[in-house]
Structures are given as C-alpha cells and as structure tokens.
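This report describes one protein chain, starting with the chain as a whole and then turning to selected parts.

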Amino acid sequence: MLVTLNDPRDAQRVAARLQALGLWTEPLTHGSATRALLVRADSAHVSAELIEAIDGVAAVLMPPRIHPRVDALAGTCVTVGPLTIGAGALPVLIAGPCSVESVAQIDAAARAVKAAGGSVLRGGAFKPRSSPYSFSGHGRDALDWLYDAGQANGLAVVTEVLSERDVEVVAARADMLQVGSRNMQAFALLKAVGSAGKPVMLKRGMAATVEEWLLAAEHLLLAGASGVVFCERGLRSFDPSTRNLLDLGAVALLAHVHRLPVVVDPSHAAGRRDLIAPLARAALAAGAHGLIVECHPEPGRAASDGPQALDPDALADLARHCEVYPAPKGSAP
Ligand code: PEP
Ligand code: MN
C-alpha cells in the first residue's frame, strides 16, 4: 500500500511509527522530499484505518484487488441443493463413475454412493478425451439417466459442461456444474457456465497456478455463478509414476489462508485405485472440505478411467476410514 504524507518533514516520524507496528516501509523520495511511503501490506496485519490515524498521514492507498468476488467468498460455504460445502460443514463425499454409461450402471453407482454415505453423484455425460476415437459420453441421454439416478437415491448431481451450447441443458439437470481441468481457462465457457447462476465445481488446470485458478473463479462469479467449489486434481509433472502430482500445498493454502471451499479428486491425481484412500486422508488432513472419487459398479468394464475407479465395497471402506461421514449403522469400524 502507499501511505501519502501531508508534509515531507513528517516522513521519518511516520516511518518510525509504521515500523513500530511491524510494517516494512520504503520512502518514495523525489528530489530531497519524501512525499509517500511504500508499505508492504502483508508484512503485518494492521488496518488502513489505524495507519490513517497516524499524525501526518494524508491517505492510505490500497492496490485494487485482482479477484474481489473470490476474496468476498472467504469463510463462506457454497450451497449445492440441500448441502453446504466449505469451512465448518462436514466434509462432503462426491462419487460416481467417470462416464455415465447406461441407466443400470448409473443407478447401481448411485446406490453405492448413497450406501457409502455420499451426498453428491458425479458422472460424465460429455467427456473430454485426449483421443477423438475414445468414448466421449452419451451426451443428453446420459444427463437424463444421471438426473434420474440422483433423484431416485436422494443425491445431488454434478456433471461436466464441455461446451457453451450445452450449458442450459446441463444446468436444467445438475445441482452443480463442473468445469474440467482442460477448460479451466476457456473463458467463453466460464462466462456461459457462470451465467447459469448455479454453483460450479472448478477443476484446477493441470498446469495452472493458484492465481490463475482464482482468476478463473472470478470469471465465473462475475458472470453470475452462485458459488465456486475449487477442485484440486493433480498437476502435470515430470514423473509418470502417478497420473498427476497432487498439490496438497495448494489445498492447504485455499482452505486455511484464502478460506475458500476446496475439494480434492484423488482419483484423477493418482490414476490408480490403490492410492485413492491414502491421498483422500491426506487431502482431508490438509483441510479439504470434501472428496470427489470415481467409482463404478464393475470397474473392470468401465468405458473410461476403470483403473482408478473404486468398486462399491471399496467406496464404502474409503468413506468409513476417512472418518468424515457417519458410518452406516451396523457397519464394521
Ligand atoms: C472428470 O472429472 O471426469 C475429469 C475429466 O477430470 P479432469 O477434468 O480433472 O481431468
Ligand atoms: Mn475420469
């Protein structure tokens, strides 16, 4: 911030007062006169009002916030149907298959999610695939199957929007819209998704900085999104040992410093089902407000991402061992 002075002769005295408050200052001198002091705003938690009250200070000029709408969400929760996600709420379990494949498949998955104690059903109707020859989802039909499975099992629904032209149809069936990692900076899509006025789960781009992630959320909020749930799903790294590199530092930063709702996707991070439980526990320990996990009634037959899908028993185990959801009655500890 910039602290301007009434009289250059006050510079030394005001600087000494600021330093006594623990603030780092640097005089901005023109010729021989110091008319302002540069103060690093984050060097101590001192309010602008306190500085303005110092004798000799003319004004305190704060740099404009770059994502004011995101900053205003600090400490708040996002409402998704009957659910709240964020600080102070019970961590939420979002689960379901990578792709919605059939009525029977999504219904079995929804029952498994419900039985495990989950509250949101995930499933892709429009799938972003690296190869144009891979299964790319059943589109609008799958949206209806997903919606029905959610309704029948008392689960909210989240699903990805790939294109601006699908926003309306997805928003009519989903409680929360998902923006995928590959589209985190597709700004026209963000604008269209935000304008639906619904909560959005914003997956972090696989090579996006935290600031770019926050700015992408600002696009959504500016366009009208009712809230943003940030989702860390791992970054592209040099090491192919795991599918992606799960950035739990960013999760802790969002949860504890920015105080924003953040969930973790250990499935896309690990790329393999045996690492989902340990990563999920680590995510919650880092402050995540929920998990989004891929599960499939028959992972061996999954049309996409089978190796990282849990079966219904493993999903129930995960929910129990993360100790965040009330264990279903009669279940083993
Ligand atoms: C997904 O959640 O189905 C997905 C495609 O994830 P991501 O965008 O993180 O790759
Ligand atoms: Mn997937």
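The text below covers overall figures, two strands, a metal site and several single residues.

## Overall figures

The model is predicted. Its chain has 333 residues, and 50% of them are buried. Twelve helices and 14 strands make up the secondary structure. Along the principal axes, the C-alpha atoms occupy a box of roughly 80 × 45 × 40 Å. The accessible surface amounts to about 15100 Å², and carbon and sulfur atoms contribute 53% of that area. Among contacts in the chain with a separation of 6 or more, 67% are between residues 24 or more positions apart. The chain carries 30 positive and 33 negative charges, and the mean positions of these two sets are 1 Å apart.

## Strand β3 and its partners

Strand β3 spans residues 33–39, and five of its seven residues are buried. Two other strands pair with β3. Strand β1 (residues 2–5) runs antiparallel to β3 and is joined to it by three bridges. In this pairing, Thr 4 is opposite Ala 36. Strand β2 (residues 25–30) is also antiparallel to β3, with six bridges between them. Here Glu 26 has Leu 38 of β3 as its bridge partner. Strands β2 and β3 form a hairpin with two residues between the strands, and in that hairpin Gly 31 has a positive phi near 65°.

Leu 18, in helix α1 (residues 11–20), has contacts in this region. With neighbours within four places in sequence left aside, Leu 18 is in contact with Val 3, Leu 23, Thr 25, Leu 37, Val 39, Ile 51 and Ile 54. Val 3 belongs to the residue range of β1, Thr 25 to that of β2, and Leu 37 and Val 39 to that of β3. Leu 18 has a relative accessibility of 0% and therefore counts as buried. Its C-alpha atom is separated by 9.4 Å from that of Val 46, which is 28 residues away along the chain.

## Strand β11

Strand β11 (residues 199–203) is mostly covered, with five of its five residues buried. In a regular strand, side chains alternate between the two faces of the sheet. In β11, Pro 199, Met 201 and Lys 203 point one way, while Val 200 and Leu 202 point the other way. Residues on both sides are buried, Lys 203 included. Strand β10 (residues 176–179) pairs with β11 in the parallel sense over three bridges, and Gln 178 is opposite Met 201.

## The manganese site

Which residues provide the protein donors of the manganese ion (ligand 2)? They are Cys 98 through SG, His 268 through NE2, Glu 294 through OE and Asp 305 through OD, at 2.0 to 2.4 Å from the ion. Their spacing in sequence is C-x169-H-x25-E-x10-D. Glu 294 is in strand β14 (residues 290–294), whereas Asp 305 is in the loop between β14 and α12 (312–322), so this pair ties together parts that are eleven residues apart in sequence.

Both of these acidic donors fall below the 20% limit for buried residues. Glu 294 counts as buried because its relative accessibility is 1%, and Asp 305 counts as buried at 19%. Asp 305 also has a positive phi, near 55°, although it is a residue other than glycine.

## Other single residues

Arg 259 is another residue that is not a glycine but has a positive phi, of about 55°. Arg 259 sits in the loop between α9 (248–258) and β13 (262–264).

Ala 280 is part of helix α11 (residues 276–286). Not counting residues up to four places away in sequence, Ala 280 touches Pro 266, Leu 291, Leu 318 and Cys 322. The C-alpha atoms of Ala 280 and Val 263 are 10.0 Å apart, with their positions 17 residues apart in sequence as the separation.

The table lists relative accessibility for the residues treated singly above.

| Residue | Relative accessibility | Class |
|---|---|---|
| Leu 18 | 0% | buried |
| Arg 259 | 44% | partly exposed |
| Ala 280 | 0% | buried |
| Glu 294 | 1% | buried |
| Asp 305 | 19% | buried |

Notes: Residues are numbered from 1 along each chain as its sequence is written. Chains are lettered from A and ligands numbered from 1 in the order in which they are written. This is a predicted model: local features need pLDDT of at least 70, side-chain atom pairs count only at pLDDT 80 or more; totals for chains, interfaces and linings use all residues. Side-chain values use heavy atoms; hydrogens and water are left out. Helices (H or I, at least four residues) and strands (E, at least two) are DSSP runs, numbered from the N terminus. Buried means under 20% relative accessible area, exposed over 50%, partly exposed in between (1.4 Å probe, protein chains only). Contact means heavy atoms within 4.5 Å. Accessible areas come from the Shrake-Rupley method with a 1.4 Å probe; for residues, only the protein chains shown count as cover. Lys and Arg count as positive and Asp and Glu as negative; His and the chain ends are not counted. The place of a charge is taken as NZ of Lys, CZ of Arg, CG of Asp or CD of Glu. Two strands pair if DSSP finds at least two bridges between them. Donors are N, O and S atoms within 2.8 Å of the metal (3.2 Å for Na, K and Ca); water is not among the atoms, so sites may look incomplete.
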